[in-house]
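User: I am new to this structure and would like a close look at a single part of it. Please take one helix and describe how it sits among its surroundings.

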Amino acid sequence: MKVAYLTGKSFATSSNGPALCRAFNACNVRTISANDLDPAELKEIDFLMLPGITGETSPYPSILPPEKARILYEKIEDGLIVMAECAAFYWTANHIHYNASDGRKLERQGLGWIDGVARGPSGKGIAPNDEFRYADTTTTMIEFYDGRETCYTPICISNGPALYLSDTEEKNPDVTITSRFVNEIGKPVATMTKMIGNGMLVGMGVLPHIQAEQLGGKRLNPGFERHRVELFNAISAHEEKIIRFEKLIFDQIKSHHSTLQSQSGEMPYVRVA
């Protein structure tokens, strides 16, 4: 399985690479730039991660304008699996409502790949800071079903969205809700998958790949050190469930890819003009 994740200025990828290498074997993982989001390059990829960002100014509107978004969407229809994390997850929704850390209330249209409103930050939003990668990271409680039981765990979030699906999208058989926010009104979506043609869109409002090992290293700034220790303690105490949840997400991706491989000789998805 050929795996790539988007890198470049303003992308937060320090924990994405290790997570993908754990899940898919390091030799299958590479980086890709925004300039390489073209049909020829995407044809060589089975799974693409669109990561979250540092700061609060999303590059996705300029990276995925209508023509580029159409190319990527058609590649998903053809079988590409795309994980849209945090800022990218906002951008896949119909509508985006974001409360910035400076008090501004920002609203705009998204790509509309998912019929719903992405509201954020979920939980308590925190202003980013260049001195500490996880300055804007906190924890939130989610629930998920692991195939045996419903599990509850705190998990990292960095100003990510709570997704409120339309009634139609909630009932869409192509949509699978993999986790919900426990403490948000209406228990909105934290993570989900949506089948699009032969491919799949994986929406991630939380960050299970931020685990205890990413939160090591004492900070000189006392405020950052207190924050780091609080995060470290919260994640360490529930790491088994967080790892189980991360595995659940990646197992779904691998399973879908295996299904595509087994069906590769059958009639492909036919796009309707």
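Analyst: A residue is called exposed when its relative accessible area is over 50%, and buried when that area is under 20%. With those terms in hand, the part chosen here is helix H7 of this predicted model, which runs over residues 222-237. Helix H7 has 16 residues, and the distance from its first C-alpha to its last is 23 Å, close to the 22 Å expected at 1.5 Å a residue.

The buried residues of H7 are Phe224, Glu225, His227, Arg228, Leu231 and Ile235. When H7 is viewed down its axis, these buried residues fall within an arc of 160°, and therefore they line one face of the helix. The cover over the buried residues of H7 includes two strands, S8 (138-145) and S9 (150-157), together with helix H8 (239-262).

On the face of H7 that is turned away from this buried side, the exposed residues are Pro222, Arg226, Glu230 and Ala237. Pro222 thus belongs to the face turned away, while Phe224 is counted among the buried residues.

The N-terminal end of H7 has a cap as well, and this is provided by asparagine 221. In that cap, a side-chain oxygen of asparagine 221 lies 2.8 Å from the backbone nitrogen of glycine 223.

Taken as a whole, then, H7 is a helix with buried residues along one face, exposed residues on the face turned away from them, and a capping asparagine at its N-terminal end.

Methods. Residues numbered from 1 in each chain as written. Predicted model: local features only at pLDDT ≥ 70, side-chain atom pairs only at ≥ 80, totals over all residues. Heavy atoms only, no water. Helix = DSSP H or I, 4+ residues; strand = E, 2+ residues; numbered from the N terminus. Expected span 1.5 Å × (residues − 1). Buried < 20%, exposed > 50% of the residue type's maximum accessible area, 1.4 Å probe, protein only. Arc of directions from axis to C-beta. Contact = heavy atoms within 4.5 Å. Polar contact = N/O pair within 3.5 Å; in protein donor to acceptor, adjacent residues only side chain to side chain.
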